[in-house]
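Below is a colleague's note, set out as numbered points to be read alongside the sequence and the coordinates. Please follow each point in the structure itself.

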Amino acid sequence: MNQDKNVAVQIFGLGGGGTDIVSSLMLESDPTLSHASAVYADTSPANREPWMTEENFFDFGTEAKGSGQVRRKNVGKIAEETPRILQKHPIGETNILVATLGGGTGSTAQPLLAREILNRGKKVILVGVGIEETSNTTLNTFTTLKGFDKFSRDNGIAYPLCYAQCSLETPWKKAVSDAQFLIRSLAWMANPEMRQLDGEDIASFLNFDRVTGYEPSLSLIRIWDKMDTMHEDAKEAFAMIATLTDGDQPMPNLFMDFRKAGFYRTPGAENRWFTNET
């Protein structure tokens, strides 16, 4: 494993879609992401930007070029190569794994890489973009999510997922924007400069079986930038974290098995409320 860097937040863009989402976000030079870095992993050289180097790009190998959709001959190669990502690239204290769920490279690599990182004792959050543009991609997305849940239950590990969607009603550009909102907010949550919210608090929120009576499974993390609809829409949530600009910001009056708020030491971020539910 590459241990040359001490990374607070590592963002992994997996497959063509995940690479596209993460690379365009990191190019914005957002000061609130100054504590985060990114690694890209794909099967297609067409998705490798000129500025991507051996330091931040992992090639799954020539036998798996150009997945883009489910291709059985590539699944084994991707699964075999996924652990090698961590031999070449550092992991963070918190790791955000970004992929589309339509059946391509990212769908295969995301749960496997999550397991590898969790086995090393670090935190993982999945950001998945469902692709519901055709019957095939819709079925693949549903099958991928079911696979994640089975993977989670079989391994006894909670897999927290933030979900965005690309469909005929929600074009790719909007899905990218939604996913980037999720990534940016998650990176803020894991900011090491946060007061009164440490790594153990975040781990308890993500690995909810530690602090609730629920068994490990795939869970849904929802992120709110306003509290207006939370009292109605977050009734099923059992855990909440808030990252607030100051100590005077309110917490919603909702019963949770786990609640914790932190406050930014550095300027530039905004209020966020995170809920976790199955």
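1. C162 counts as buried, because its relative accessibility is 0%. The model is a predicted one, and a search of the whole of this structure finds zero disulfides. C162 is accordingly in no disulfide, the nearest cysteine sulfur being that of C166, 18 Å away. Seen from the other end, the sulfur of C166 has its closest cysteine sulfur in C162, and 18 Å is too far for a bond, since a disulfide requires the two sulfur atoms to be within 2.5 Å. C166 is itself buried, with a relative accessible area of 1%.

2. The largest nonpolar core has 46 residues, of which I96, V127, I183, L186 and F205 touch the most other members. Its largest share, nine residues, is contributed by α6. A second core, separate from this one and made up of 27 residues, includes A41, F148, Y159 and L218. As general background, nonpolar side chains in soluble globular proteins tend to be buried together. For L186, once its neighbours within four places in sequence are left aside, the contacts are I96, I125, V127, C162, I223 and F274, so that the buried cysteine of the first point reappears here because C162, at 0% relative accessibility, is among these partners.

3. Helix α5 runs over residues 135-155, and its length can be checked: at 1.5 Å a residue its 21 residues should span 30 Å, and the end C-alpha atoms are indeed 30 Å apart, which agrees. Which residues of α5 are buried? They are T137, T141, T144, F148, F151 and S152. These residues cover an arc of only 95 degrees around the axis, which puts them on the same side of α5. On the other side of the helix, S135, N136, L139, F142, K146, K150 and D154 are exposed.

4. The cover over the buried residues of α5 includes α4 (105-119), together with the strands β5 (123-132), β6 (159-167) and β7 (218-224). After α5 comes G156, whose phi is positive, near 65 degrees.

5. Q196 also deserves a look at its backbone, for its phi is near 65 degrees, a positive value in a residue other than glycine. Most residues other than glycine have a negative phi. Q196 lies in the loop between α6 (172-189) and α7 (199-206), and Q196 is classed as exposed because its relative accessible area is 52%, where the cut-off is over 50%.

6. E81 has its place in helix α2 (residues 72-81). Is this acidic residue buried or exposed? At 8% relative accessibility E81 counts as buried, because the cut-off is under 20%. The side chain of E81 makes a polar contact with the side chain of R84, at 2.4 Å, and, residues up to four places away in sequence not being counted, E81 touches F58 and F60.

7. Q165 is found in strand β6 and is partly exposed, with a relative accessible area of 28%. Not counting residues up to four places away in sequence, Q165 touches V129, G130, E132, T170 and A175. Q165 and D178 are 13 residues apart in sequence, while their C-alpha atoms are 8.3 Å apart in space.

Key. Residues numbered from 1 in each chain as written. Predicted model: local features only at pLDDT ≥ 70, side-chain atom pairs only at ≥ 80, totals over all residues. Heavy atoms only, no water. Helix = DSSP H or I, 4+ residues; strand = E, 2+ residues; numbered from the N terminus. Expected span 1.5 Å × (residues − 1). Buried < 20%, exposed > 50% of the residue type's maximum accessible area, 1.4 Å probe, protein only. Arc of directions from axis to C-beta. Contact = heavy atoms within 4.5 Å. Polar contact = N/O pair within 3.5 Å; in protein donor to acceptor, adjacent residues only side chain to side chain. Core = buried A, V, L, I, M, F, W, Y, C linked by side-chain atoms within 4.5 Å.
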